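Me: Please take a close look at one part of this structure, the place where charged side chains meet, and then connect that part to the rest. I am in my first year, so please explain each term when it comes up.

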Amino acid sequence: MKTGSIFLSLVLLLFLSSTPLYAQKKLWDHPLIKRLTSSTADTSRKPTLLVIPTLSYSQETGLEYGLSGMYNFYVNRTDTTIYTSSLIALASMTTEKQVNLKLESDIWTRNNDYHYITTLRYKKYPFSYYGLGDQTNESDKTTLTQNLIQINLEAEKKVLKNYYAGLNAIFENFDFSDYGDESLFDPNLIYGAGGGKYLALGISQSYDTRNSNTETTQGLYGRLKYAYAPDFWREDNFHGGILSADLRAFFDLKKNFVLGVQGYFESVMANKVPFYMTRQLGNDSMMRGYYQGRYRANNYIASQAELRYRIHPRIGMAAFFGIGSVYDSQIDLSSLKISGGGGVRYFFDLQHGSSIRLDYAIGEKRPGEKRQGGFYLALGQAF
């Protein structure tokens, strides 16, 4: 999320600190406030809901306003081994008539026998394009408006203890506009500049021994996924394979200290890859500190480690370090990017282990440019 959301949260804290003591006592006695500040977890296993306002401003969007929320629940409340299921929704608009809508679901059935993942998204929103490769420059930045429709459906079944096999389908439709005659984004030179669409069908394999899917303190997780998109629409529409691998391990070092490590790989395999299908380094979960899409190519590899410390049932701290790169055919180890930073977590739902995460991260400093970095406000841990 943008720093405007952070500003809104700080305004709320300032309001509470300036409220007369007698008024604060009445406020803190409210059942909802008690629920959000108590150091004791609710053992009723009831669903919980958190809604956060979004308010920010940028030159490209003007004023952005909206809501994001998370709904946590157990499909079967009597099953104490079941993972938390969740629904996450985001809806925002801007004064420049831009829209960002997203609905995600992560559902676990009884005994964690089945796992369903769904993403529905519509996005008409500006983004910055810097070119292709791992050596792009700030001076090459071009602002485009992306129109995106995304439908992602995944289902996995437990076939052995801790082992899952599944199927997946994804449809995406891209369209780009608002680049002028002086833009470095030349639609005559960039393959896929006019947008395109694809439908990919695939399989997945997973191994999962985590003690929690929301606030993991020990266990292993690994997932390998492959999907193939046939040449349904020709022209600049994508057809080819998409491969991804996600490996995670968590170690309970001592009381309240947890070390998490993750390795991630993505690859797009095709004779010609449209620019909109290239893999992008940087986001609020992996390689924090880099603008998503500052560096993009056919392959993306990254790893990170995060040390987490729970100083209070409701408050946690984290320090993290990451390294990664994008490349087409062969990785250049001399151009690996590093990122690092730290942050705080507020656990609004102790029963489900759900948190609000505020991180600050920095990346590399290229010659003649400011050091890359930024704040991130998100729901849930990075991994």
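**Charged pairs and their surroundings**

Reply: Glutamate 138 counts as partly exposed because its relative accessibility is 35%, where buried means under 20% relative accessible area, exposed over 50% and partly exposed in between, with a 1.4 Å probe and protein chains only. Before going further, please note that this is a predicted model, in which local features need pLDDT of at least 70 and side-chain atom pairs count only at pLDDT 80 or more, while totals for chains, interfaces and linings use all residues. Residues are numbered from 1 along each chain as its sequence is written, and side-chain values use heavy atoms, with hydrogens and water left out.

The side chain of glutamate 138 meets that of arginine 294 in a salt bridge, at 3.8 Å from N to O; a salt bridge is a side-chain nitrogen of Lys or Arg within 4 Å of a carboxyl oxygen of Asp or Glu. This pair links distant parts of the chain, 156 residues apart, with glutamate 138 in the loop between strand 5 and strand 6 and arginine 294 in the loop between strand 12 (279-281) and strand 13 (295-297). Helices (H or I, at least four residues) and strands (E, at least two) are DSSP runs, numbered from the N terminus. Unlike its partly exposed partner, arginine 294 counts as buried because its relative accessible area is 2%.

A second pair joins arginine 279 and glutamate 266, whose closest N and O atoms are 3.7 Å apart. Arginine 279 belongs to strand 12 and glutamate 266 to strand 11 (residues 257-269), 13 residues apart, and both of these residues are buried.

In a third pair, the closest N and O atoms of arginine 308 and glutamate 306 are 2.7 Å apart. Arginine 308 is buried because its relative accessibility is 5%, and glutamate 306 is buried because its value is 0%. Through salt bridges that share partners, these two residues belong to one network with Arg288, Arg345, Arg357 and Asp359. Altogether, the structure holds 18 salt bridges.

A buried residue may also take part in a polar contact, and threonine 84, in the loop between strand 2 (62-73) and strand 3 (85-94), counts as buried because its relative accessible area is 4%. Its side chain makes a polar contact of 3.0 Å with the side chain of histidine 352; such a contact is a pair of N or O atoms within 3.5 Å, and within protein one must be able to donate a hydrogen and the other to accept it, while residues adjacent in sequence count only if both atoms are side-chain atoms.

The nonpolar side chains complete the picture. A nonpolar core is a set of buried Ala, Val, Leu, Ile, Met, Phe, Trp, Tyr and Cys residues joined through side-chain atoms within 4.5 Å. The largest such core has 21 residues, of which Tyr198, Phe238, Phe275 and Met277 touch the most other members. Strands 5 (114-129), 6 (142-160), 7 (163-177), 8 (196-208) and 9 (219-229) each supply at least two residues of this core, and strand 7 gives the most, with three. Apart from this core lies another of nine residues, including Met286 and Tyr290.

For the whole protein chain, there are three helices and 18 strands, and 47% of its 383 residues count as buried.
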